[in-house]
Amino acid sequence: MTTDTDAGNAAEQDAFDALIAAEQRIEPRDWMPDAYRRTLIRQISQHAHSEIIGMQPEGNWITRAPSLKRKAILMAKVQDEAGHGLYLYSAAQTLGIGRDEMTEQLIAGRAKYSSIFNYPTPTWADMGAIGWLVDGAAICNQVPLCRASYGPYGRAMVRICKEESFHQRQGFEILLALMQGSPAQREMAQDAVDRWYWPSLMMFGPPDDRSPNSAQSMAWKIKRFSNDELRQRFIGMLVPQAEVLGVSLPDPELRWDAGAGRWHMSEIDWTEFHEVLAGRGPMNSERLRARREAHEGGAWVREAAAEYARKRALRRPAVAEAFEGAA
Ligand SMILES: [Fe+2]
Ligand SMILES: [Fe+2]
């Protein structure tokens, strides 16, 4: 792993800056400032953890999905999230951190993941609201990340975004079916939208004037738009879709302010956001407990896979030599 030793690396720093300025990609083989590497490791691993923890609120409904078709779709969706976690862990590994280390940080409660997954999913309509709002917010956040300056991260995001748009549509379609159903079904859909709307707006992070790391991330071209810009864009996407669905968005202040050219909205309750982020959300300890149990329960699978890989390698003499050399 390269490290920056200030003066000696002036030429490397210049080369790095030139690549960024020219909209070129930084690749794992390239020199990069330590702070850039650390920021990426933190961001990509948090993102990977969010995908993995994010399987839980929906995985919870696979056995109770209302039809075989819904069950198959939900299983595919949850499986996609596992895949997203894997691409992102692989991208983080190119920066010099091990997968075991990241997993350890997650199950020990030392790593962050998106606070949205610490809310409960009491009804089937939550599957609709999560797909429409949570995956919808994820798309707004992630489409610009396809152009992130770090190559492996940007490339992982391309495939992830294609799958996220399927997720958003399946959520929309669940809500649409409920909104065309009985009064009780419509009420269930509206209730889920009411519960997920504000947390989904919080997914874009604090307002720009309280987001100290944003400027550096934008200068490094990891982040392309500010938190508030992305939140505005998301609301602009939701409003016409809410009309088609026939649901109302739970903000009496929400309206287009033509003069300012932006959506006017109520103040977000950031106290709640910080409580959930600090591990005091409704489901934090349950999510970590389930993750820890799954990790321990899967130990035999990891052992078997490692042994299988070792035996396969031994069948190829050149690789066998390398194994013996290392032993
Ligand atoms: Fe995902
Ligand atoms: Fe998703």
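**Two iron ions and a helix pair**

Colleague: Is D135 buried or exposed?

Modeller: D135 has a relative accessible area of 4%, and under 20% means buried, over 50% exposed and in between partly exposed (1.4 Å probe, protein chains only). This is a predicted model, where local features need pLDDT of at least 70, side-chain atom pairs count only at pLDDT 80 or more, and totals for chains, interfaces and linings use all residues. Residues are numbered from 1 along each chain as its sequence is written, chains are lettered from A and ligands numbered from 1 in the order written, and side-chain values use heavy atoms, without hydrogens and water. D135 is therefore buried.

Colleague: Which residue bridges the iron ion (ligand 2) and the iron ion (ligand 1)?

Modeller: The iron ion (ligand 1) has donors from E51, E81, H84 and E164, at 2.0 to 2.2 Å; a donor is an N, O or S atom within 2.8 Å of the metal (3.2 Å for Na, K and Ca), and with water not among the atoms, sites may look incomplete. Around the iron ion (ligand 2) stand E81, D135, E164 and H167, also at 2.0 to 2.2 Å. The two ions lie 3.4 Å apart, and the bridging residue is E81.

Colleague: What is the arrangement of the 4 donor atoms around the iron ion (ligand 2)?

Modeller: The donor atoms subtend angles of 87 to 158°. Four donors are tetrahedral if all angles lie between 85 and 135 degrees, four are square planar and six octahedral if opposite donors are over 155 degrees apart and all others between 65 and 115, and anything else is irregular. The angles make this arrangement irregular.

Colleague: How many residues apart in sequence are the parts that E81 and D135 tie together?

Modeller: E81 is buried, at 5% relative accessible area. E81 lies in helix α4, and D135 in helix α6 (residues 125-142); helices are DSSP runs (H or I, at least four residues), numbered from the N terminus. The parts tied together are separated by 54 residues.

Colleague: Which residues in α12 do T103, L106 and I107 in α5 meet?

Modeller: The axes of α5 (residues 99-107) and α12 (residues 284-297) come within 9 Å and cross at roughly 140°, which makes α5 oblique to α12 (neither under 35 degrees, over 145, nor 65 to 115). Axes are fitted to C-alpha atoms over the stretch in contact, with angles from 0 to 180 degrees between N-to-C directions. With contact meaning heavy atoms within 4.5 Å, the α12 residues are L288, R291, R292 and H295.

How values were computed
Helix = DSSP H or I, 4+ residues; strand = E, 2+ residues; numbered from the N terminus.
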